[in-house]
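Trainee: I should like to go through this model with you, beginning with the confidence of the prediction and then turning to its cores and disulfide.

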Amino acid sequence: MMKRQSPQSPQSPRLHRLTLAALVGVLPLAAAAQGTVVITGRIDMGVQQIDNGVDTFKRADSGTYTASRLVIRGTEDLGGGMLAYFHLEHGFSADTGNVAAKFWNRGSFVGLSGASWGSLSAGRQYVPIFWPLLFGDEGGPHRLHGYSATQSVQRSNFARVTTAASPIKTAGTLDSIGGGIYALGITSAFEDNLVIYKTPSIAGGLTLTAAVGAPEGYTNGAAKIYGGNAEYRSGSLYLGVGINSKEGRVPANGAGVQKVKETAITGMYGITSSVNIWGNVHPWSFDSAGTALKGHDFMLGVSFRAGQHMVWANLANKSVGSGCANCDSKGFGIGYHYALSRRTDIYAALASVSNQANSANTLVGIAPAAAGKNMRGLTAGMSHVF
């Protein structure tokens with residue numbers, strides 16, 4: 001007697017037909033929900049010798065050229081020209097394996113974009129003024145080399161001067177005092193809780209960006225940020241203007257209001273296919289409960305490319321006014337890069353920072369032995385993108 005085949009048997013033609021029909025029905029849904037996730041990043045390691053005006057240090061460090069980082073980002077096509085996207089970026093020290101206090105310290109945001117209306121994102125992001133400063137500097141293929149004078153003089157601090165010379169004597173949420181040094185840090189970096197809108201390209205190469213946010217961690221939400229930029233690209237010409245404003249409290253949990261404002265006007269132009277010139281002007285002002293500190297920076301640079309070779313050099317000057325005597329600094333940087341491949345390059349660079357008597361400006365995050373001491377640095381290393 002022949003055994004009747006169960007409808008659930010793998011040999012069942014009916015089941016084959018049902019399975020095929022189910023797959024045909026599900027596949028379009030899966031394709032519609034399909035997205036792309038990419039894991040990428042950079043690892044940079046260099047050896048360097050730093051003279052802080054008294055001692056000379058020899059050390060191996062991560063990020064002497066560009067910060068080491070791990071990036072996870074992704075997009076999903078929502079149809080109709082609209083994309084959803086996210087970005088998670090973790091900065092780490094390749095020399096020690098140490099991680100930052102904030103794991104996604106270099107960015108964590110989500111957004112939507114459309115070809116006709118631009119993009120809208122929210123989370124921890126660069127403030128808009130960062131991009132004109134980045135694209136107005138060509139210190140290496142990744143830009144903003146740690147030895148670039150844009151970094152050492154302009155972006156290390158607005159002011160790092162002796163407390164005796166500083167007109168501001170009480171620190172708040174935006175500035176600090178320690179070891180006889182008053183420091184007002186930059187704002188042209190990452191901020192928490194930012195909402196950023198960027199237009200698509202308009203008027204043949206112009207984009208506009210606006211940002212607003214209210215960072216956490218301040219008493220009664222006592223912090224406000226807003227900023228924006230305008231960027232123009234046409235062939236070898238780049239022009240950028242950025243503004244940023246941030247408000248805090250003094251003392252850190254007090255009722256006094258602090259406000260720092262900065263503006264950057266930057267540009268780069270290709271004189272030939274091999275030679276670029278670039279520069280910026282960068283005025284800033286700080287008011288702490290009615291006491292003012294103001295200053296301005298400028299930078300000029302040039303870069304040359306020939307095949308796998310690249311050479312760059314720039315200089316910058318910082319002037320600190322508002323009654324802060326002998327608080328100025330200036331710097332110089334020069335570097336060479338050789339591209340072993342599209343992902344890997346080796347480099348060498350040297351830089352100097354000259355401080356007036358009451359200035360204590362740093363070089364690659366290393367402070368001078370005392371105010372008025374000059375900094376010198378020499379580095380060689382390798383950067384790899386994965």
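Trainee: What is the mean pLDDT of the protein chain?

Mentor: This is a predicted model, in which local features need pLDDT of at least 70, side-chain atom pairs count only at pLDDT 80 or more, and totals for chains, interfaces and linings use all residues. Residues are numbered from 1 along each chain as its sequence is written, and side-chain values use heavy atoms, with hydrogens and water left out. pLDDT is the predictor's confidence in each residue, from 0 to 100. In the protein chain, 89% of residues reach 70 or more, and the mean pLDDT is 90.

Trainee: Over which residues is the pLDDT below 50?

Mentor: The stretch has 10 contacts (heavy atoms within 4.5 Å) beyond near neighbours in sequence. The pLDDT is below 50 over residues 1-33.

Trainee: Which element gives the most to the largest nonpolar core?

Mentor: A nonpolar core is a set of buried (under 20% relative accessible area, 1.4 Å probe, protein chains only) Ala, Val, Leu, Ile, Met, Phe, Trp, Tyr and Cys residues joined through side-chain atoms within 4.5 Å. The largest has 16 residues, with Trp278 and Met375 among those with the most contacts inside it. With three residues, the element that gives the most is β19.

Trainee: Why is the disulfide of Cys324 and Cys327 left-handed?

Mentor: A disulfide is a pair of cysteine sulfur atoms within 2.5 Å, and Cys324 and Cys327 are joined with S to S at 2.0 Å. The disulfide is left-handed because the torsion about the S-S bond is about -80 degrees.

How values were computed:
Buried < 20%, exposed > 50% of the residue type's maximum accessible area, 1.4 Å probe, protein only. Helix = DSSP H or I, 4+ residues; strand = E, 2+ residues; numbered from the N terminus.
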